[in-house]
Amino acid sequence: MLQRIQTIYLLMAAGISVGLIFVFHLWITDEGITMFAKDDILYLGFFLGSAILSLIAIFMYKNRKSQFVLGRLNIILNFILLGFFVYQSLNISGETAVSEKGIGMILPIVSIVFLALANKAIKKDEDLVKSVDRLR
């Protein structure tokens, strides 16, 4: 059913992955150039992939196991994206190429939180259905 709480969580994760990447910058270079996720095809691809997985998971409401697996894959994708951000911020020394780190680097963490909440709600629904089937 589309009116479940996991739909709200998955929409929030998709909104973060698509909408907020254009609002919050990832970093500012030492030349003063503000870098957004749309400026790098790798980061844009990961964010859009995460949003697409969230939207697909919303419409897989009849198959809760597949919805749960898509949520897990999306969490893994966001951890990989977070790993790229950590590598970028630690590999390049402070003032050579990245002057100021932006709040856009923590967007995958917020998305992971919403995806974990959605998976928890999906698991709760699956357990409820299993308990009702046991009574039949």
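User: Taking contact to mean heavy atoms within 4.5 Å, which residues is Ser-17 in contact with, leaving aside its neighbours within four places in sequence?

Analyst: Bear in mind that this is a predicted model. With those sequence neighbours set aside, Ser-17 is in contact with four residues, namely Phe-47, Ser-50, Ala-51 and Ser-111.

User: And where is Ser-17 placed?

Analyst: Ser-17 is found in helix H1, and its side chain makes a polar contact with the side chain of Ser-50, at a distance of 3.1 Å.

User: Is Ser-17 buried or exposed?

Analyst: Ser-17 counts as buried because its relative accessibility is 1%, and the cut-off for buried is under 20%.

User: Let's step back a bit. How many helices and strands does the chain have?

Analyst: There are four helices and three strands in the chain, and, read from the N terminus on, the elements come in the order α-β-β-α-α-β-α.

User: How much of the chain counts as buried?

Analyst: The chain has 136 residues, and 39% of them count as buried. Its accessible surface comes to about 7,900 Å², with 69% of that belonging to carbon and sulfur atoms.

User: What share of the contacts with a separation of 6 or more comes from residues 24 or more positions apart?

Analyst: Among the contacts in the chain with a separation of 6 or more, residues 24 or more positions apart account for 73%.

User: New topic, charges. How many salt bridges does the structure hold?

Analyst: The structure holds three salt bridges. As general background, side chains of opposite charge can pair when their charged atoms come close. One of the three salt bridges joins the side chains of Asp-125 and Arg-4, with 2.7 Å from N to O. This pair links distant parts of the chain, since Asp-125 is in helix H4 (residues 107-135) while Arg-4 is in the segment before helix H1 (5-18), 121 residues away.

User: Why does Asp-125 count as buried?

Analyst: The relative accessible area of Asp-125 is 11%, and that is why Asp-125 counts as buried, the cut-off being under 20%. Its partner Arg-4, at 31% relative accessibility, counts as partly exposed.

User: Which residue does the side chain of Arg-64 meet in a salt bridge?

Analyst: The side chain of Arg-64 meets that of Glu-126, at 2.8 Å from N to O. Because Arg-64 lies in helix H3 (residues 64-91) and Glu-126 in helix H4, the pair ties together parts that are 62 residues apart in sequence. Arg-64 is partly exposed, with a relative accessible area of 23%, whereas Glu-126, at 16% relative accessibility, counts as buried.

User: And which residue does Lys-123 pair with?

Analyst: Lys-123 forms a salt bridge with Asp-127 through their side chains, at 3.5 Å from N to O. Both residues of this pair, Lys-123 and Asp-127, lie in helix H4, four residues apart, which is about one turn of the helix. Lys-123 counts as partly exposed at 45% relative accessibility, and Asp-127 is also partly exposed, with a relative accessible area of 37%.

User: OK, on to the rings. How many aromatic pairs are there?

Analyst: The structure holds four aromatic pairs. One of them brings together Phe-46 and Phe-84, whose ring centres are 5.4 Å apart and whose planes stand at 45°, so the pair is tilted. Phe-46 lies in helix H2 (residues 41-58) and Phe-84 in helix H3, so this pair ties together parts that are 38 residues apart in sequence. Phe-46 is buried, at 17% relative accessible area, while Phe-84 is partly exposed, at 30%. Phe-47 and Phe-85 form an aromatic pair that is tilted too, with 6.2 Å from centre to centre and 40° between the planes. Here again distant parts of the chain are linked, with Phe-47 in helix H2 and Phe-85 in helix H3, 38 residues apart.

User: Is Phe-47 buried or exposed?

Analyst: Phe-47, at 1% relative accessibility, counts as buried, and Phe-85 is buried as well, with a relative accessible area of 2%. Phe-47 is also one of the residues in contact with Ser-17.

User: Which residues do ring pairs link into a cluster?

Analyst: Ring pairs link Tyr-43, Phe-47 and Phe-85 into a cluster.

User: Last one, what sits over the ring of Phe-36?

Analyst: Over the ring of Phe-36 sits the charged end of Lys-38, at 5.6 Å from the ring centre.

How values were computed
Residues are numbered from 1 along each chain as its sequence is written. This is a predicted model: local features need pLDDT of at least 70, side-chain atom pairs count only at pLDDT 80 or more; totals for chains, interfaces and linings use all residues. Side-chain values use heavy atoms; hydrogens and water are left out. A salt bridge is a side-chain nitrogen of Lys or Arg within 4 Å of a carboxyl oxygen of Asp or Glu. Helices (H or I, at least four residues) and strands (E, at least two) are DSSP runs, numbered from the N terminus. Buried means under 20% relative accessible area, exposed over 50%, partly exposed in between (1.4 Å probe, protein chains only). Rings of Phe, Tyr and Trp (its six-membered ring) pair if their centres lie within 6.5 Å; planes under 30 degrees apart count as stacked, over 60 as edge-to-face and the rest as tilted. A charge sits over a ring if NZ of Lys or CZ of Arg is within 6 Å of the ring centre and within 35 degrees of the ring normal. A polar contact is a pair of N or O atoms within 3.5 Å; within protein, one must be able to donate a hydrogen and the other to accept it, and residues adjacent in sequence count only if both atoms are side-chain atoms. Contact means heavy atoms within 4.5 Å. Accessible areas come from the Shrake-Rupley method with a 1.4 Å probe; for residues, only the protein chains shown count as cover.
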